[in-house]
Protein chains: 2
Amino acid sequence: MSSTRPGPRERLLDAARDLTYRQGVHVGVDAILKQADVARRSLYQHFGGKDGLIAEVLRTSAQEDRYRTVMDAAGEDPRARVLAVFDELERITTAPGFRGCRYTSADLALTDPQHPAHTEVRRYKDGVHALFTDELTRLGHPSPEAAADQLLVLVDGVLAHAVTRPDAHPARAARRLAVHVLDARD
Amino acid sequence: MSSTRPGPRERLLDAARDLTYRQGVHVGVDAILKQADVARRSLYQHFGGKDGLIAEVLRTSAQEDRYRTVMDAAGEDPRARVLAVFDELERITTAPGFRGCRYTSADLALTDPQHPAHTEVRRYKDGVHALFTDELTRLGHPSPEAAADQLLVLVDGVLAHAVTRPDAHPARAARRLAVHVLDARD
DNA sequence: GATTAGATAGACCGATTGATCTACTTGTCA
DNA sequence: TGACAAGTAGATCAATCGGTCTATCTAATC
């Protein structure tokens with residue numbers, strides 16, 4: 001028995017996830033519809049419009065889960081778990097087709113402050129912040145929240161810088177700084 | 001005597017610099033022409049097209065000079081000069097109308113790898129890298145190039161993260177890490 | 001004063017944008 | 001069988017995209 005083809009809604013999300021990452025959020029609706037092999041009407045039925053589709057793509061992209069998985073694979077030690085994220089970043093940024101962070105990209109590209117995507121970007125980054133804060137707390141870090149902010153700056157810095165200067169291997173550079181964040185005793 | 005109005009070329013660059021920052025590189029040519037109060041033909045005469053205009057905007061934006069000025073105002077000590085950049089970043093990211101790093105934005109928004117803007121983005125970031133390398137060398141840092149890469153990750157991280165989470169004050173968080181970069185003795 | 005390069009104004013081009021619409025087909029459940 | 005919801009196909013819409021065109025005007029140079 002062949003696996004059932006996903007419904008129009010899922011196909012739209014998949015196509016939009018792929019195309020908005022490779023081409024940016026300014027891809028045409030036509031291109032998304034064509035790749036999803038879906039009727040025009042289905043898009044507006046399910047998501048109300050392009051903006052809704054983009055927001056839903058960000059809401060369901062679950063890059064957070066990827067970091068969580070990497071951490072879990074690194075074992076119990078909070079220190080190792082955090083550093084594993086930066087090892088993963090080295091893989092991500094050197095992989096073919098790397099095009100930066102989709103959340104940062106969307107936040108920068110969408111000029112209208114009212115665009116629903118901004119809410120999802122904020123939610124995502126807050127989520128990663130919580131992820132780091134948990135580890136730092138378990139580590140007994142003196143100021144987990146502030147340290148998590150530092151780690152977030154490093155992550156965003158890696159993903160942004162690697163687009164322009166991948167040969168600088170920003171993930172490795174950031175990993176060395178992450179060690180300082182983890183070992184801070186003040 | 002009133003100051004002479006700049007020529008069409010300068011007015012185009014000014015308008016494009018303003019609009020591409022506020023609205024992104026996908027602003028329409030019409031909007032740029034209107035704000036510059038310049039004939040359509042002048043754009044294609046001077047820059048060959050929109051792509052050429054955008055590239056020239058990046059080439060002449062001279063954000064590098066801003067960092068240089070800030071450093072010079074901070075005195076002679078390389079340590080103080082580098083940290084002054086992060087103090088400046090705190091001002092930049094909290095100023096009204098802050099919309100992230102125009103170079104990173106352009107690099108992410110322009111999907112075509114052949115777009116002339118990418119060359120200018122790379123040139124700019126290499127320039128900042130050289131700026132930092134100089135200071136680190138004068139400071140006697142054991143590996144100025146690698147440390148400059150770390151500072152660049154911090155700068156890009158601040159400018160990217162501040163777009164989504166300005167309340168985290170990433171510039172301050174990054175400044176604390178910059179101290180570690182400067183004081184590295186290994 | 002005549003020539004000429006540079007700027008302006010604006011029509012015009014085909015292509016594409018996001019979105020709405022009607023008409024038809026499909027599958028499901030009552 | 002009949003009703004209904006969901007999906008498809010595609011025409012159509014006004015608006016905008018980047019770019020080319022002709023025609024006119026202006027200012028400096030010879």
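Tutor: A polar contact is a pair of N or O atoms within 3.5 Å; within protein, one must be able to donate a hydrogen and the other to accept it, and residues adjacent in sequence count only if both atoms are side-chain atoms. This is a predicted model, where local features need pLDDT of at least 70, side-chain atom pairs count only at pLDDT 80 or more, and totals for chains, interfaces and linings use all residues. Side-chain values use heavy atoms, with hydrogens and water left out.

Student: What makes R41(A) a polar contact of DNA strand C?

Tutor: One of its polar side-chain atoms lies 3.2 Å from a base oxygen of the strand, and the cut-off is 3.5 Å, so the pair counts.

Student: What does R11(B) reach on DNA strand C?

Tutor: A phosphate oxygen, with a polar side-chain atom of R11(B) 2.8 Å away. A39(B) also has a phosphate oxygen of the strand 3.2 Å away, but from a backbone N or O atom.

Student: Which residues come nearest to DNA strand C?

Tutor: V29(A), R40(A), Y44(A), K50(A) and R11(B), out of the 18 around the strand. Being near takes a heavy atom within 4 Å. Sugar and phosphate make up 56% of the strand's atoms that come within 4 Å of the protein.

Student: Why is the relation between chains A and B called a two-fold axis?

Tutor: Chain B lands on chain A with an RMSD of 0.0 Å after a turn of 180° and a shift of 0.0 Å along the axis. That is the relation of a two-fold axis. The superposition is by least squares on C-alpha atoms of residues with pLDDT of at least 70 in both copies.

Technical notes. Residues are numbered from 1 along each chain as its sequence is written. Chains are lettered from A and ligands numbered from 1 in the order in which they are written.
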